[in-house]
Amino acid sequence: MTVDPRPKASHFIAGRPVEDAAGDPIPVIYPATGEEIARVHGATPDLVEAAIASARAAQEDWAARPGVERGRVLRRAADIMRERNRELSELETLDTGKPLQETLVADATSGADALEYFGGLAGALTGEHIPLGQDWAYTVREPLGLCVGIGAWNYPTQIACWKAAPALACGNAMVFKPSETTPLCALKVAEILVEAGLPEGVFNVVQGAGEVGHALVTDPRVAKVSLTGSVPTGRKVYQAAAEGIRHVTMELGGKSPLLVFSDADLENAVGGAILGNFYSTGQVCSNGTRVFVERGIKERFLDRLTERLEGIAMGDPLDEATNFGPMVSARQREIVQGYIAKGQEEGARLVHGGGRPNRPGFWIEPTVFADVTDDMTIAREEIFGPVLSVLDFDGEEEAIRRANATEYGLSAGVFTRDLARAHRVIGRLRAGSCYINSYNDAPVEVPFGGTKASGVGRENSRAAIEHYSQLKSVFVRMGDVEAPY
Ligand code: NDP
């Protein structure tokens with residue numbers, strides 16, 4: 001039997017589920033069928049206030065606990081998530097439409113990794129001693145206070161955990177707003193954290209669309225905002241946060257290049273392009289959607305890519321044999337279809353897919369375009385769907401120049417057997433998260449985030465600690481104060 005997707009209540013505030021039916025109804029649609037499977041309500045201003053007040057009330061006591069104690073709660077939550085992986089994965093599948101084959105290994109498990117990793121670091125967050133002759137100074141790593149997390153719809157469990165784990169490890173409290181498209185999973189994360197011993201109010205979830213996010217971001221009590229979303233939303237949220245000089249982490253969109261040189265292992269390069277374009281039906285921010293293939297191997301690359309795409313199994317996402325799901329929403333499918341039409345109009349060669357399977361729900365075929373040029377819309381704009389563009393190139397210089405000619409800078413990948421070249425090329429690509437002979441790995445130990453319009457700050461790794469804490473410096477004079485008068 002599949003998990004019941006209906007949550008106990010729409011929100012999670014002060015340690016318990018909270019309902020307020022006065023808020024705008026938000027239907028939760030299962031993308032594989034188009035059916036409504038649950039319904040939540042957007043937060044009213046009173047509920048936003050309650051969430052902020054409960055986080056504020058809880059934060060200082062949480063921060064005052066020893067780091068190992070905070071860490072123990074996070075690590076216990078990680079264990080619970082792993083024990084309930086199947087149930088959480090089914091919920092993630094119902095919330096997003098991503099196949100269970102993926103969610104079983106990529107969502108609650110990745111959330112648990114973050115809770116475990118930052119749980120382990122919580123006891124090791126220290127300042128330093130700075131000797132200054134007979135005087136000295138020390139630093140204290142302090143939490144920021146109340147943090148707001150705002151999530152996109154593609155990885156609702158993972159995004160909630162990637163933000164909550166470092167925030168809570170540092171002694172902050174958080175109010176998290178999931179995307180209104182996928183409101184269910186963050187509520188489970190909140191429940192599990194409390195079950196693991198998190199004091200009430202330290203992590204709260206409120207539902208709602210952009211205006212609820214805006215209310216949170218502009219509240220004077222908020223010290224930090226971490227957003228995962230698109231660049232246009234990022235601009236708005238960054239601007240609103242700037243008003244109050246709040247800290248920000250912005251994990252935004254991309255149009256990342258994946259460079260395949262003619263000496264690459266072709267099977268691995270094709271595998272990387274598949275993972276970097278079709279996993280999660282292409283709804284991954286770091287995807288390598290501009291696949292630059294050195295001219296000499298282009299046709300072989302395309303042949304092998306289209307052959308391997310025959311292995312796609314579209315079907316019931318809850319069937320573990322299915323490896324390709326629907327788009328998250330009707331709206332997202334319309335956007336992607338619009339881009340496919342644009343690609344054809346502007347002269348790209350459609351070599352695979354492009355159609356809309358005749359089944360209920362928001363399905364779209366995995367699509368490959370060849371002969372794509374840099375000026376085409378599909379090569380410039382983020383599509384956020386299963387559309388791979390192959391661009392040809394001749395030589396390293398040209399590939400680097402064209403790969404960098406974008407406002408984005410999230411990820412970049414290189415496939416080559418020449419490791420000197422791999423490092424040389426990656427060294428010149430302007431992107432935050434890069435891959436050599438691989439694509440889209442995101443282990444919690446490694447910083448993740450973008451350059452240029454793709455973002456500010458880093459998630460995961462020790463680097464995330466810098467973005468959820470601040471240093472207090474304390475100067476200590478051991479002798480007398482010598483004042484001039
Ligand atoms: P959106 O930018 O539309 O929304 C992101 C979140 O911000 C949602 O919860 C949204 O609410 C909320 N929001 C919208 N307007 C405001 C506002 N004015 N103030 C505060 N919050 C607001 O992104 P999508 O949900 O469509 O997600 C897809 C995008 O996310 C892609 O561009 C993708 O590249 C990016 N992304 C980036 C990742 C990264 O780590 N770099 C990872 C995953 C996705 P609601 O939608 O409920 O209205």
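Colleague: What phi does Gly97 take just after H3?

Modeller: In this predicted model, Gly97 has a positive phi of about 85 degrees, and Gly97 comes just after H3.

Colleague: And H3 itself, how do you know that its length fits a helix?

Modeller: Count along it: helix H3 has 12 residues, 85-96, and at 1.5 Å a residue they should span 16 Å. The end C-alpha atoms are 16 Å apart, so the two values agree.

Colleague: What makes you call H3 mostly covered?

Modeller: Buried means under 20% relative accessible area, and 10 of the 12 residues of H3 are buried. Among them are Leu88, Leu91 and Leu94, along with Glu90, Glu92 and Asp95.

Colleague: Let's move on to H12. How do you know that its length fits too?

Modeller: Helix H12 runs over residues 330-345, which makes 16 residues. At 1.5 Å a residue the expected span is 22 Å, and the end C-alpha atoms are 22 Å apart, so that agrees.

Colleague: Which residues of H12 are buried, and why say they line one face?

Modeller: The buried ones are Gln332, Arg333, Val336, Tyr339, Ile340 and Gly343. Looking down the axis of H12, you find its buried residues within an arc of 120 degrees, so they line one face of the helix. Turned away from that buried side is a face with the exposed residues Arg331 and Glu345.

Colleague: Why is Thr249 called buried?

Modeller: Its relative accessible area is 2%, and the cut-off for buried is under 20%, so Thr249 counts as buried. You'll find Thr249 in strand E11, residues 247-251.

Colleague: What makes the pairing of Thr249 with Lys224 a polar contact?

Modeller: The distance between their side chains is 2.5 Å, and a polar contact needs N or O atoms within 3.5 Å.

Colleague: Now the ligand. Which residues come nearest?

Modeller: There are 29 residues around the ligand, and Gly151, Ser230, Thr233, Leu252 and Glu382 come nearest. That shell divides into 12 nonpolar, 12 polar and five charged residues.

Colleague: How do you know that Lys177, Gly208 and Gly210 make polar contacts with the ligand?

Modeller: Set each distance against the same 3.5 Å limit. A polar side-chain atom of Lys177 is 3.0 Å from a ligand oxygen atom. For Gly208, a backbone N or O atom lies 3.4 Å from an oxygen atom of the ligand. For Gly210, a polar backbone atom is 3.2 Å from a ligand oxygen atom.

Colleague: How much of the ligand does the protein bury?

Modeller: Taken alone, the ligand exposes 900 Å², and the protein buries 87% of that. Helix H8 (210-217), strand E10 (224-228) and helix H9 (231-243) each give two or more residues to the shell.

Note on methods:
Residues numbered from 1 in each chain as written. Predicted model: local features only at pLDDT ≥ 70, side-chain atom pairs only at ≥ 80, totals over all residues. Heavy atoms only, no water. Near = heavy atom within 4 Å. Polar contact = N/O pair within 3.5 Å; in protein donor to acceptor, adjacent residues only side chain to side chain. Areas by Shrake-Rupley, 256 points an atom, 1.4 Å probe, with all protein chains shown as cover. Helix = DSSP H or I, 4+ residues; strand = E, 2+ residues; numbered from the N terminus. Nonpolar A, V, L, I, M, F, W, Y, C, P; charged D, E, K, R; others polar. Expected span 1.5 Å × (residues − 1). Buried < 20%, exposed > 50% of the residue type's maximum accessible area, 1.4 Å probe, protein only. Arc of directions from axis to C-beta.
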